[in-house]
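Subject: Structure handover and notes

Hello,

Please find the structure below, followed by notes on what was found in it.

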Amino acid sequence: MNYEQWIAPEQYNMTSEMEHHPAENVALKCLDEHEHEEEVTYGDLLKKANQIAGGLADLGLTKGDKVLVMVPRNVIAYAIYIACLKLGLVIIPSSEMLRAKDLSYRLVHSKARAVIVWSSVTDEVDKMEETIPSLAYRIAVSAEPGEEKAGYRMLNQLMEGQPEVREAVDTHRDDIAILTYTSGTTGNPKGVVHTHGWGYAHLRITSSWLDIKSQDMVWATAAPGWQKWIWSPFLSVLGNGATGFVYSGSFEPKRYLRFLQDYKINVLCCTPTEYRLMAKLDGLGQYDLSSLRSAVSAGEPLNLEVISSFQRHFDITIRDGYGQTESTLLIGNLKDMPFRKGSMGMSMSPGLVQVVDDEGQLVPPGEVGNIAVHREMPALFSAYYLDENRKQQSIKGEYFLTGDRASIDEEGYFWFEGRGDDIIISSGYTIGPFEVEEALMKHPAVKECAAVASPDETRGHIVKAFIVLQEGVEESDSLVKELQHHVKQMTAPYKYPRKIEFISELPKTNSGKIRRIELRMLEKQRANQA
């Protein structure tokens, strides 16, 4: 495997990829939920970022400090990320859907010194019960001029009168840039460490998949708070000097198709769920998507009928890709590569990704094994934060095992088999069963429970909870709704179980461990029969 071209210069800051584009070029074209439009050039975006960097530096934040950022899709999100990276701060991307418990864990575990949070969701920060000694600054971001938040410094005020920080601090390619928390099968989320050098490798590895040109209008629908937002809307768009189309309203398939048509989107990166819902529309062919030349999907396998629908109506092939929070895109159907329906595509570079057995040895073509990435790949994460041994446990021989399973054919195409663990992927969200089960167990009606992935036509999979009730508690539709609401209050609402089934006992091993795999297979069998 030749990966030398993905290794960043020794002294490197990923914002350097955004500094050399013509200042007058449009960086972002943003629409809010009412379709009010805002346009910002590269020059203006960098000026705003440099002012924010000045304010944060004046506050006392310095290289290596960790900052939790929880803001929606808009211009200020891009400016905040650029500002933090230029200062050498470590960003903890966080979704606005996270609850106080989620935030508290991240802040305590990371020893973060600051939070930068959208003013409408400061309530969850304020609800945190745990003392966080490291947290020195609470900064609120508001769309309303002059708004104040008790206990918070306002970002607009921090920026006022500040000299611009034009030069990035001296960062090494191995310095931490991003600390992303991702769900695990047991216990709390894991902190995934990505360096500035990861950003350099990501841009170069994914170029043949997204195929972004500087003159393109690019719509990548991921929201800040997820690693996928850093991948595409942020780094891949601004790193290539393109114009990012940003819509901050909720998903509605007709509106999405109208935007694709009216704003002449050239490159589109959507979740499989968004593609599925668009493909189901009557009159799909009435939209003019002739400007669209690159359409990609990631997060979970995309249905063949959806791919066929877009080919039939628009003569565009949606190209699947596969990657992880711990890395970047690893396998994809690359631009101009012969397309194999149902395949994940090929390794982004020969030898980068393989299929191996549990000992890290290559398996023959056609045999199912572990999807594994070479341990020396520059876009592989550095470590799990404060848990150095955890990464090593997933390394077998020369490879890091991803937790997913597939086969590879004689031509090098990968064919997805399924998860090798209990992680649930629903509408692109990665959900650990532990977090769902922990929330359910805090309800007085629940004696035992297990959360698993249940196949779903639209979302790919949904969370289903199998619940053993306390003695004397009667099952009912109202109890189902009560339990679902309870989970939404305890943790991010996208994790709640959309299906609940009450059972008398859970399948277990001789040692008493719940066998979620039996419940997963039961759901898969039921879906096949249906």
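How are α2 and α8 oriented to each other: roughly parallel or roughly perpendicular? The model is a predicted one, and in it helix α2 (residues 75-86) packs against helix α8 (residues 227-239) at an angle of about 80°. Angles of 65 to 115 degrees count as roughly perpendicular, so α2 and α8 are roughly perpendicular to each other. Their axes are 12 Å apart. On the α2 side, the contact is made by A77, Y78, Y81, I82 and L85. On the α8 side, W229, I230, P233, F234 and L238 take part. Sorted by class, the contact of α2 with α8 has 10 nonpolar residues, no polar residues and no charged residues.

Two residues are worth a look along with this pair of helices.

The first is N74, in the loop between β3 (66-70) and α2. N74 has a relative accessible area of 15%. Buried means under 20%, so N74 is buried. The side chain of N74 reaches the backbone nitrogen of A77 at 3.1 Å, and A77 is one of the α2 residues in the contact with α8. With neighbours within four places in sequence left aside, N74 is in contact with W118 and V246.

The second is K228, which is part of helix α8. Its side chain makes a polar contact with the side chain of S232, at 2.9 Å. Not counting residues up to four places away in sequence, K228 touches A222, P233, C269 and A298. Of these, P233 is also one of the α8 residues that meet α2. K228 and L210 are 18 residues apart along the chain, and their C-alpha atoms are separated by 13 Å.

Another helix pair is α9 and α10. Helix α9 (residues 253-262) and helix α10 (residues 272-279) pack at an angle of about 95°, and are therefore roughly perpendicular to each other. The axes of α9 and α10 are 9 Å apart. Here P253, Y256, L257 and L260 in α9 meet E274, L277 and M278 in α10. By class, this contact of α9 with α10 has 6 nonpolar residues, no polar residues and 1 charged residue.

Now to single helices. Helix α1 covers residues 42-59, which makes 18 residues. From its first C-alpha to its last, α1 reaches 26 Å, close to the 26 Å expected at 1.5 Å a residue. The buried residues in α1 are Y42, L45, L46, A49, N50, I52, A53, G54, G55, L56 and L59. After α1 comes G60, whose phi is positive, near 120°.

Helix α3 (residues 100-110) contains L107. Is L107 buried or exposed? L107 is buried, with a relative accessible area of 1%. Residues up to four places away in sequence aside, L107 touches L68, A112, V115, M128, I132, S134 and L135. One of these partners, S134, is 27 residues from L107 along the chain, and the C-alpha atoms of the two are separated by 8.3 Å.

Among the strands, β20 (residues 399-408) holds S407. S407 has 12% relative accessibility and so counts as buried. Leaving out neighbours within four places in sequence, its contacts are V355, G366, E367, V368, Y413, F414 and W415.

Finally, some backbone angles. Most residues other than glycine have a negative phi. Which residues have a positive phi although they are not glycines? E35 is one of them, with a phi of about 70°, and S427 is another, with a phi of about 50°. E35 is placed in the loop between β1 (26-31) and β2 (37-41). S427 is found in the loop between β22 (424-426) and β23 (429-431). As to exposure, E35 is partly exposed, with a relative accessible area of 28%, whereas S427 is buried, at 16%.

Regards

Definitions and conventions:
Residues numbered from 1 in each chain as written. Heavy atoms only, no water. Helix = DSSP H or I, 4+ residues; strand = E, 2+ residues; numbered from the N terminus. Expected span 1.5 Å × (residues − 1). Buried < 20%, exposed > 50% of the residue type's maximum accessible area, 1.4 Å probe, protein only. Axes fitted to C-alpha atoms, helices over the stretch in contact; angles between N-to-C directions. Parallel < 35°, antiparallel > 145°, perpendicular 65-115°, else oblique. Contact = heavy atoms within 4.5 Å. Nonpolar A, V, L, I, M, F, W, Y, C, P; charged D, E, K, R; others polar. Polar contact = N/O pair within 3.5 Å; in protein donor to acceptor, adjacent residues only side chain to side chain.
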